[in-house]
Amino acid sequence: MDTDTPPLIVDIDGTLTDENRAIDPHVMPVLREWPARVVIATGKAMPFPIALCEFLGIERTVVAENGGVVFVEASDELRLEGDHEAALAVGEAYRDLGHDLGFGQVDLANRWRETELVVSRDRPLEPLEELAAARGLVVLDTGFAYHVTDPVVDKGTGLEAVCAELGLEPAEFLAVGDSVNDAQMFDLAGEAVAVANADETALERADRVTSGSYGDGFLEAVAPYRE
Ligand SMILES: O=C(O)COP(=O)(O)O
Ligand SMILES: [Mg+2]
(Lines give C-alpha, C1' and ligand atoms only; values in the text may rest on other atoms or scores of the structure.)
(Ligands and ions follow the chains in the order given, each with its own letter.)
Protein backbone atom coordinates (compact mmCIF):
# COMPACT_ATOMS: atom_id res chain seq x y z
CA MET A 1 0.00 0.00 0.00
CA ASP A 2 1.07 3.54 -0.79
CA THR A 3 2.31 5.16 2.42
CA ASP A 4 1.64 8.70 1.16
CA THR A 5 -2.07 8.15 0.78
CA PRO A 6 -4.04 8.11 4.04
CA PRO A 7 -6.53 5.39 4.83
CA LEU A 8 -10.02 6.64 4.03
CA ILE A 9 -13.24 6.41 6.04
CA VAL A 10 -16.26 7.53 4.08
CA ASP A 11 -19.99 7.91 4.62
CA ILE A 12 -22.48 6.71 1.97
CA ASP A 13 -25.71 8.75 1.90
CA GLY A 14 -25.14 12.36 0.94
CA THR A 15 -21.41 11.79 0.33
CA LEU A 16 -21.02 9.06 -2.29
CA THR A 17 -24.54 9.55 -3.64
CA ASP A 18 -26.18 12.20 -5.79
CA GLU A 19 -29.21 14.28 -4.75
CA ASN A 20 -31.47 11.34 -5.66
CA ARG A 21 -29.60 8.95 -3.34
CA ALA A 22 -28.07 7.00 -6.21
CA ILE A 23 -24.34 6.26 -6.08
CA ASP A 24 -22.43 8.77 -8.18
CA PRO A 25 -20.62 6.52 -10.68
CA HIS A 26 -17.56 8.81 -10.63
CA VAL A 27 -16.76 7.79 -7.03
CA MET A 28 -16.47 4.11 -7.92
CA PRO A 29 -13.02 4.04 -9.56
CA VAL A 30 -11.68 6.24 -6.75
CA LEU A 31 -12.79 3.78 -4.07
CA ARG A 32 -11.68 0.78 -6.10
CA GLU A 33 -8.22 2.19 -6.76
CA TRP A 34 -7.54 3.92 -3.41
CA PRO A 35 -4.03 2.71 -2.52
CA ALA A 36 -4.67 2.52 1.25
CA ARG A 37 -7.42 1.05 3.45
CA VAL A 38 -11.02 2.09 2.69
CA VAL A 39 -13.65 1.91 5.45
CA ILE A 40 -17.31 2.42 4.55
CA ALA A 41 -19.07 4.02 7.56
CA THR A 42 -22.83 4.40 7.41
CA GLY A 43 -26.07 4.61 9.31
CA LYS A 44 -27.49 1.91 7.11
CA ALA A 45 -27.77 -1.75 8.11
CA MET A 46 -24.76 -3.95 7.31
CA PRO A 47 -25.97 -5.56 4.05
CA PHE A 48 -25.88 -2.19 2.27
CA PRO A 49 -22.21 -1.29 2.82
CA ILE A 50 -21.20 -4.95 2.47
CA ALA A 51 -22.92 -5.08 -0.93
CA LEU A 52 -21.27 -1.79 -1.90
CA CYS A 53 -17.80 -3.19 -1.08
CA GLU A 54 -18.59 -6.48 -2.75
CA PHE A 55 -19.71 -4.94 -6.05
CA LEU A 56 -16.89 -2.40 -6.00
CA GLY A 57 -14.47 -5.27 -5.57
CA ILE A 58 -12.83 -3.86 -2.43
CA GLU A 59 -12.13 -5.57 0.89
CA ARG A 60 -15.11 -5.47 3.24
CA THR A 61 -14.26 -3.10 6.10
CA VAL A 62 -17.49 -1.66 7.36
CA VAL A 63 -18.97 0.43 10.15
CA ALA A 64 -22.78 0.11 9.92
CA GLU A 65 -25.75 1.27 12.01
CA ASN A 66 -23.83 4.35 13.16
CA GLY A 67 -21.19 2.25 14.91
CA GLY A 68 -23.42 -0.48 16.30
CA VAL A 69 -22.05 -2.94 13.76
CA VAL A 70 -18.39 -3.24 12.80
CA PHE A 71 -17.11 -5.84 10.35
CA VAL A 72 -13.46 -6.26 9.39
CA GLU A 73 -12.97 -8.91 6.74
CA ALA A 74 -9.19 -8.92 7.13
CA SER A 75 -9.47 -10.24 10.68
CA ASP A 76 -12.83 -11.99 10.26
CA GLU A 77 -14.20 -9.90 13.10
CA LEU A 78 -17.81 -8.83 13.67
CA ARG A 79 -18.66 -6.60 16.61
CA LEU A 80 -22.23 -5.78 17.61
CA GLU A 81 -22.74 -3.17 20.31
CA GLY A 82 -25.71 -1.18 21.60
CA ASP A 83 -29.02 -2.00 23.23
CA HIS A 84 -31.11 -3.46 20.40
CA GLU A 85 -33.82 -4.64 22.82
CA ALA A 86 -34.29 -1.06 24.01
CA ALA A 87 -34.46 0.22 20.41
CA LEU A 88 -37.09 -2.39 19.53
CA ALA A 89 -39.05 -1.46 22.67
CA VAL A 90 -39.05 2.17 21.49
CA GLY A 91 -40.50 0.96 18.16
CA GLU A 92 -43.23 -1.02 19.96
CA ALA A 93 -44.17 1.92 22.17
CA TYR A 94 -44.19 4.25 19.14
CA ARG A 95 -46.58 1.89 17.36
CA ASP A 96 -48.74 1.76 20.50
CA LEU A 97 -49.12 5.53 20.16
CA GLY A 98 -50.56 4.93 16.69
CA HIS A 99 -47.48 5.72 14.58
CA ASP A 100 -45.85 3.29 12.19
CA LEU A 101 -42.16 3.41 11.30
CA GLY A 102 -42.92 4.60 7.78
CA PHE A 103 -41.09 1.99 5.74
CA GLY A 104 -44.05 -0.23 4.81
CA GLN A 105 -44.88 -3.82 5.64
CA VAL A 106 -41.62 -5.40 4.52
CA ASP A 107 -39.49 -2.53 5.91
CA LEU A 108 -36.12 -3.01 4.25
CA ALA A 109 -34.69 -0.20 6.42
CA ASN A 110 -35.10 -2.24 9.62
CA ARG A 111 -35.20 -5.83 8.32
CA TRP A 112 -31.48 -6.55 8.72
CA ARG A 113 -30.82 -4.06 11.49
CA GLU A 114 -29.11 -5.62 14.53
CA THR A 115 -28.53 -2.79 17.03
CA GLU A 116 -30.71 0.22 16.13
CA LEU A 117 -34.15 1.16 14.87
CA VAL A 118 -34.92 3.68 12.12
CA VAL A 119 -38.06 5.70 11.56
CA SER A 120 -39.00 7.62 8.42
CA ARG A 121 -38.46 11.39 8.67
CA ASP A 122 -42.09 12.08 7.74
CA ARG A 123 -43.18 10.52 11.04
CA PRO A 124 -43.50 12.57 14.28
CA LEU A 125 -40.14 13.17 15.97
CA GLU A 126 -41.12 14.39 19.42
CA PRO A 127 -42.79 11.21 20.77
CA LEU A 128 -39.92 9.19 19.34
CA GLU A 129 -37.37 11.32 21.19
CA GLU A 130 -39.32 10.99 24.44
CA LEU A 131 -39.57 7.21 24.16
CA ALA A 132 -35.88 6.92 23.26
CA ALA A 133 -34.72 9.14 26.12
CA ALA A 134 -36.76 7.08 28.60
CA ARG A 135 -34.69 4.06 27.59
CA GLY A 136 -31.30 5.78 27.52
CA LEU A 137 -31.22 6.06 23.72
CA VAL A 138 -30.87 9.06 21.41
CA VAL A 139 -32.49 9.97 18.10
CA LEU A 140 -30.13 11.03 15.31
CA ASP A 141 -31.57 12.88 12.34
CA THR A 142 -29.16 12.18 9.48
CA GLY A 143 -31.32 13.97 6.96
CA PHE A 144 -32.24 10.54 5.60
CA ALA A 145 -33.92 8.87 8.59
CA TYR A 146 -34.42 9.15 12.35
CA HIS A 147 -32.06 6.66 14.00
CA VAL A 148 -32.88 5.41 17.50
CA THR A 149 -29.35 4.71 18.64
CA ASP A 150 -27.44 3.71 21.75
CA PRO A 151 -25.12 6.62 22.61
CA VAL A 152 -22.33 4.19 23.58
CA VAL A 153 -21.63 3.77 19.85
CA ASP A 154 -21.07 6.13 16.94
CA LYS A 155 -18.95 6.17 13.79
CA GLY A 156 -16.02 7.29 15.96
CA THR A 157 -16.14 4.22 18.20
CA GLY A 158 -16.58 2.20 15.00
CA LEU A 159 -13.41 3.73 13.56
CA GLU A 160 -11.54 2.92 16.78
CA ALA A 161 -12.73 -0.68 16.62
CA VAL A 162 -11.58 -1.01 12.99
CA CYS A 163 -8.22 0.51 13.90
CA ALA A 164 -7.76 -1.91 16.79
CA GLU A 165 -8.25 -4.79 14.37
CA LEU A 166 -5.95 -3.44 11.69
CA GLY A 167 -3.16 -1.84 13.73
CA LEU A 168 -3.98 1.64 12.46
CA GLU A 169 -4.62 4.92 14.30
CA PRO A 170 -7.79 6.99 13.74
CA ALA A 171 -5.56 10.06 13.31
CA GLU A 172 -4.05 8.50 10.17
CA PHE A 173 -7.43 8.63 8.42
CA LEU A 174 -8.99 11.02 5.97
CA ALA A 175 -12.73 11.14 6.78
CA VAL A 176 -15.43 12.40 4.41
CA GLY A 177 -19.08 12.83 5.34
CA ASP A 178 -22.16 14.99 5.37
CA SER A 179 -24.10 14.82 8.60
CA VAL A 180 -24.40 14.71 12.38
CA ASN A 181 -23.72 10.96 12.43
CA ASP A 182 -20.26 11.66 10.98
CA ALA A 183 -19.25 14.12 13.73
CA GLN A 184 -17.39 11.69 16.02
CA MET A 185 -15.40 10.12 13.20
CA PHE A 186 -14.55 13.67 12.07
CA ASP A 187 -13.21 14.43 15.56
CA LEU A 188 -10.88 11.39 15.53
CA ALA A 189 -9.67 11.48 11.93
CA GLY A 190 -6.46 13.28 10.99
CA GLU A 191 -8.37 15.28 8.40
CA ALA A 192 -12.15 15.60 8.23
CA VAL A 193 -13.86 16.91 5.11
CA ALA A 194 -17.55 17.81 4.85
CA VAL A 195 -19.21 17.98 1.44
CA ALA A 196 -21.03 21.25 0.68
CA ASN A 197 -24.49 19.73 1.26
CA ALA A 198 -23.51 18.73 4.83
CA ASP A 199 -25.66 19.64 7.83
CA GLU A 200 -24.60 22.27 10.36
CA THR A 201 -22.95 19.83 12.78
CA ALA A 202 -20.83 18.20 10.09
CA LEU A 203 -19.82 21.60 8.68
CA GLU A 204 -18.75 22.76 12.15
CA ARG A 205 -16.74 19.66 13.00
CA ALA A 206 -14.95 19.42 9.63
CA ASP A 207 -11.42 20.69 8.98
CA ARG A 208 -12.31 21.45 5.37
CA VAL A 209 -15.57 21.97 3.45
CA THR A 210 -15.75 21.32 -0.28
CA SER A 211 -17.38 23.71 -2.73
CA GLY A 212 -18.98 20.78 -4.57
CA SER A 213 -21.92 18.79 -3.22
CA TYR A 214 -22.56 15.05 -2.96
CA GLY A 215 -20.27 12.89 -5.14
CA ASP A 216 -18.59 15.98 -6.60
CA GLY A 217 -17.75 17.03 -3.06
CA PHE A 218 -16.26 13.63 -2.31
CA LEU A 219 -14.09 13.81 -5.44
CA GLU A 220 -12.90 17.26 -4.35
CA ALA A 221 -12.20 16.00 -0.81
CA VAL A 222 -9.87 13.27 -2.05
CA ALA A 223 -8.35 15.23 -4.98
CA PRO A 224 -5.20 16.37 -3.10
CA TYR A 225 -4.26 12.72 -2.57
CA ARG A 226 -4.80 11.65 -6.16
CA GLU A 227 -2.34 13.97 -7.92
O1 LIG B 1 -28.82 5.81 7.00
C2 LIG B 1 -28.82 7.06 7.09
O3 LIG B 1 -29.75 7.70 7.58
C4 LIG B 1 -27.62 7.82 6.63
O5 LIG B 1 -26.70 6.94 6.03
P6 LIG B 1 -25.18 7.45 5.91
O7 LIG B 1 -24.59 7.37 7.26
O8 LIG B 1 -24.57 6.51 4.90
O9 LIG B 1 -25.25 8.86 5.38
MG1 LIG C 1 -24.43 10.67 5.20
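Let's start with the sheet: eight strands form an open sheet in the order 5-4-3-2-1-9-10-11, with mixed pairing. Strands here are DSSP runs of E with at least two residues, helices are runs of H or I with at least four, and both are numbered from the N terminus. Two strands pair if DSSP finds at least two bridges between them. The edges are strand 5 (77-80) and strand 11 (208-209), each of which pairs on one side only.

A quick word on what we're looking at. This is a predicted model, where local features need pLDDT of at least 70 and side-chain atom pairs count only at pLDDT 80 or more, while totals for chains, interfaces and linings use all residues. Residues are numbered from 1 along each chain as its sequence is written, and chains are lettered from A and ligands numbered from 1 in the order in which they are written.

Now, let's walk through some of the pairs. Strand 1 pairs with strand 2 (residues 38-41) in the parallel sense, over three bridges, and L8 sits opposite V38 of strand 2. To get from strand 1 to strand 2 the chain passes through helix 1, and this β-α-β crossover is right-handed. Right-handed means that, with the strands pointing away from the viewer, the path from the first strand over the helix to the second runs clockwise.

Next door, strand 2 and strand 3 (residues 61-64) are also parallel, with two bridges, and I40 faces V62 in strand 3. Helix 2 (residues 47-56) joins these two strands in a right-handed β-α-β unit. Helix 2 lies across strand 2 and strand 3, at about 155° to strand 3; the axes are lines fitted to C-alpha atoms, for helices over the stretch in contact, and angles run from 0 to 180 degrees between N-to-C directions. Over at strand 11, strand 10 is its parallel partner over two bridges, and A194 has V209 as its bridge partner.

On to helix 3. Which residues of helix 3 are buried? They are A87, V90 and Y94, where buried means 20 or more other C-beta atoms within 10 Å of the residue's own, exposed means 12 or fewer, and partly exposed is in between, with C-beta atoms placed from the backbone. Seen down the axis, the buried residues of helix 3 fall within an arc of 50°, so they line one face; the arc is that of the directions from the helix axis to the C-beta atoms. The face turned away from that side carries the exposed residues E85, E92, R95 and D96. The buried residues of helix 3 pack against strand 6 (117-119), helix 4 (126-134) and strand 8 (146-149); contact means C-beta atoms, placed from the backbone, within 7 Å. After helix 3 comes G98, with a positive phi near 100°.

Finally, helix 8 (residues 214-222). Its buried residues are Y214, G215, G217, F218, A221 and V222. They cover an arc of only 155° around the axis, which puts them on the same side of helix 8. Their packing partners are strand 1 (8-10), helix 1 (27-33), strand 9 (174-177) and strand 10 (191-194).

In the segment after helix 8 we meet Y225. Is Y225 buried, exposed or partly exposed? It counts as partly exposed, because it has 17 C-beta neighbours inside 10 Å. Leaving aside neighbours within four places in sequence, Y225 is in contact with T5, P6 and L174.

Definitions and conventions: Two residues are in contact if their C-beta atoms, placed from the backbone, lie within 7 Å.
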